[in-house]
Amino acid sequence: AMAEIYVDTQKYLILAPTDEHSEDEYVYRVDLDKEGKEELNALESDEEFMSVKKAYKNLLYNEGGNNE
């Protein structure tokens, strides 16, 4: 995983291929199945994607200790 992000209490993973020439990143929602095990699911809406994207950008810009 490149990043593990929480939006409210929902966990998301941002994954990237191991191919160093690829710039693609994939975002998955982490849900719990009936047995309590984590499973990766596709995002269900553009709004959900935008929420994760915003949280990821905030993580990147605040990582250097420049919290506002």
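This dialogue explains how the sheet, helix and core of a predicted model may be read.

Reader: What is the mean pLDDT of the protein?

Author: Where pLDDT is low, the predicted coordinates should not be read in detail. The mean pLDDT (the predictor's confidence in each residue, from 0 to 100) is 87, and 90% of the residues reach 70 or more. In this predicted model local features need pLDDT of at least 70 and side-chain atom pairs count only at pLDDT 80 or more, while totals for chains, interfaces and linings use all residues. Residues are numbered from 1 along each chain as its sequence is written, and side-chain values use heavy atoms, with hydrogens and water left out.

Reader: In what order do the strands form the sheet?

Author: Strands of a sheet pair through backbone hydrogen bonds, either parallel or antiparallel. Here 4 strands (DSSP runs of E, at least two residues, numbered from the N terminus) form an open antiparallel sheet in the order E1-E2-E3-E4. Pairing requires at least two DSSP bridges between two strands. E1 and E4 are the edge strands, each pairing on one side only.

Reader: Which residues make up the largest nonpolar core?

Author: In soluble globular proteins, nonpolar side chains tend to be buried together. A nonpolar core is a set of buried Ala, Val, Leu, Ile, Met, Phe, Trp, Tyr and Cys residues joined through side-chain atoms within 4.5 Å; buried means under 20% relative accessible area, with a 1.4 Å probe and protein chains only. The largest such core has 9 residues: Ala 3, Ile 5, Val 7, Tyr 12, Ile 14, Val 27, Val 52, Ala 55 and Tyr 56.

Definitions and conventions. Buried means under 20% relative accessible area, exposed over 50%, partly exposed in between (1.4 Å probe, protein chains only).
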